[in-house]
Amino acid sequence: MSKLVISAIGPASSVQDGGRHGAQRYGLTPSGAMDRLALAAANCLVENAPFTAAIEIGPFGAAFTAREGAVRVALAGAPRNADVSRRAVTPDTSMTLADGETLTLGFARGGAFSYLAIEGGVAGEPMFGSLAVNARAGLGSPYPRPLQVGDELQTAAASGAVERRIDLPRLVEGPIRVAMGPQDDEFGEDATNLFLDSEWKISATSDRMGYRLEGPVIKHLHGHNIVSDGTVDGSIQVPGNGAPIVLMPDRGTSGGYPKIATVISADLGRFAQIPAGRGFRFRSVSMAEAQSEARKFAQLLRSLPDRVRPIEIFDLNIEALQDANVAGAAVSAIDAGTWQIPSADALAQD
Amino acid sequence: MAATLSPPRILPSGDSAITVEFSRNIDDAANQRVLALDRTLASEPVSGVTETVPTYRSLLVHYDPVQIDFDRLGEKLSALAQRPVPPTTKTRRWRIPVTYGGEHGIDLEDVAKRLKTTPEDIVARHIAGNYRVAMIGFTPGWSYLSGLEKSLHMPRRKDPRLLTPAGTISIGGVQTGVQCLAGPSGWHLLGRTAVRTYQLHRNPIFLLEPGDHVTFSTVDAKTFAEQDRAAEAGEIVADLIAS
């Protein structure tokens, strides 16, 4: 066994997988990755099953160090600067950290969550078939809480397999698609139009339970109390103050506010990746279109292994350049979002 | 054969779940139909259905849209929901020990004052009830019970408390409930039980099922403390008085 030690970590970072299903009838929410496609892509790169537990990394920087042996990992999701021993790491590739080597990640640029998959997965004790952290219910393994500096994840020793790259299709851009309901009849035409025609921003007080939206006030027709009913990932509930909340994987399993619409499942990951403060819009689609998109998304998830290929000579040339610390330092020097200022040592090597 | 029941409303909750709604209100007959449809789906599984979540007035049915589409599943659920509700054959009945008032039920005095009676009378009325688990939701093990006596119905607090203790027994609106984990609540806190409706390293992890019957008994604070230690060690503490 090797282990991956958390050398630096920000808030909103935890072990997540495909979630625990089947216990919502007892009030236990599924949890699981905010962006399932990115989780699956990272896992695919290190030949894990798509929803194997990985590290979900929030918008801030992080660093991970291999100990007691080499560890093979892969990073996908929100773009961010990444380097191993000051060699820049290309996104959507696998890499092997030698014993003692540290993978350092910068802030997320243009997204919120990244996934670091570990070859062989994270060792832990599954609860309801999942290692996913649900801090409120005290669930998750090996730590039932967000990760902290000094935490250690036991992993398999690196296989030494050829490193790989995944080519992901460009995601759909534009508005986040929603299917209206289940309680859209609690809102008048004006409120519905205002919801669909306005620009929204995600509040900085959002978390894995829900994304609070900033924008116009959405008024109810008959008040904001309904008898609690079940919720899903992407339920858009409107509480008394008229500011919608989009429920995320750590949501309560039931809720007592009217739900005007639901984010379609194919857009959940894309929605989760919208950074706080950036404007976006919703667009209503038919149930037929939502379900057709869900089937396409399932097909995309199934196709991931076919999108992986070994890193070729051309890529290696780029890596060689990075080894010489030409490309890596250049990236660091021009990007204000970088996490580490190159040290005097690194600059001296140029 | 008995006549079929009125059709429920089939509401979309996104592309992977359907809300089968029997009523907009808290309604015992509707809850019976929710639980009956839930049992039907457990005994006659519909291909593509992945999980069901009973609530007071509706059954949330999660499904895989790759296997079955909204229209087909909606029709199927509507037909199943219109079958006559079969009499429940097995009902479990639990007795849950509660220490009422004092530091464990900080709203008991206030509730008594508002209803112009004594705390002892409130406890007597609460204990006299035969309750049914209408739904479990919000947080793990939070069991919402129907069957609260009318005289105890009262609006929720204007200012919900951000933190209320694990094991709280409270009333809010027309409901009473057993709260398992510490957390926020806008209900009136009458007492506490040592019973864990959710405990990870115990078999069963979840004690109550939707549809179970529940009654309460009183214990003093000292007994509560003893039961709390036993419950922490994995004992169930509640009595299963019929099943």
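**Close-up 1. Lining of the second largest cavity in this predicted model.** Here you can look into the second largest cavity, whose volume is about 30 Å³. Its lining is made of F138(B), T139(B), W142(B), Q179(B), L181(B), A182(B), G183(B) and P184(B). Sorted by class, this lining has five nonpolar residues, three polar ones and no charged ones. A search over the whole structure turns up two cavities of 30 Å³ or more, and the other view of this kind comes next.

**Close-up 2. The largest cavity, with lining residues from chain A and chain B.** About 60 Å³ of space lies inside this cavity. From chain A, the lining takes G27(A), L28(A), T29(A), N134(A), R136(A), A137(A) and R251(A). Chain B adds F138(B), T139(B), P140(B) and L181(B). By class, the residues around the largest cavity are five nonpolar, four polar and two charged. If F138(B) looks familiar, that is no accident: F138(B) is also listed for the second largest cavity.

**Close-up 3. The second largest pocket, lined by strands of both chains.** This pocket has a volume of about 1400 Å³. Of its 40 lining residues, Q237(A), G256(A), Y257(A), F138(B) and P184(B) are the closest to the centre. On the chain A side, β15 (210-214), β18 (245-247) and β19 (254-255) each supply at least two residues of the lining, and on the chain B side β8 (161-164) and β11 (183-185) do likewise. The lining of the second largest pocket comprises 16 nonpolar, 16 polar and eight charged residues.

**Close-up 4. The interface of chain A and chain B.** In this view, 41 residues of chain A are in contact with 44 residues of chain B. Together the two chains bury about 3400 Å², and 56% of that area is on carbon and sulfur atoms. Keep an eye on R25(A), Y26(A) and V227(A), which supply 23% of the area that chain A buries against chain B, more than any other three residues.

**Close-up 5. Polar contacts and salt bridges across the interface of chain A and chain B.** Five salt bridges are found across this interface. One salt bridge to zoom in on joins the side chains of R25(A) and D38(B), at 2.7 Å from N to O. The interface also has 21 residue pairs in polar contact, with both residues at pLDDT 80 or more. On the side of chain A that touches chain B, β13 (176-180), β16 (229-230) and α4 (287-303) are the elements giving two or more residues. Of these, α4(A) gives the most, with six residues. That side of chain A divides into 18 nonpolar, 16 polar and seven charged residues.

Technical notes:
Residues are numbered from 1 along each chain as its sequence is written. Chains are lettered from A and ligands numbered from 1 in the order in which they are written. This is a predicted model: local features need pLDDT of at least 70, side-chain atom pairs count only at pLDDT 80 or more; totals for chains, interfaces and linings use all residues. Side-chain values use heavy atoms; hydrogens and water are left out. On a 1 Å grid over the protein atoms alone, a cavity is a set of points where a 1.4 Å probe fits but cannot get out, and a pocket is an open set with protein on both sides within 12 Å along at least five of seven lines; lining residues have an atom within 4 Å of a point. Grid points are joined across faces, edges and corners, and a volume is the space filled by probe spheres set on the points. Helices (H or I, at least four residues) and strands (E, at least two) are DSSP runs, numbered from the N terminus. Ala, Val, Leu, Ile, Met, Phe, Trp, Tyr, Cys and Pro count as nonpolar, Asp, Glu, Lys and Arg as charged, and the others, Gly among them, as polar. Contact means heavy atoms within 4.5 Å. Buried area is the accessible area (1.4 Å probe) that two parts lose on being put together, summed over both. A salt bridge is a side-chain nitrogen of Lys or Arg within 4 Å of a carboxyl oxygen of Asp or Glu. A polar contact is a pair of N or O atoms within 3.5 Å; within protein, one must be able to donate a hydrogen and the other to accept it, and residues adjacent in sequence count only if both atoms are side-chain atoms.
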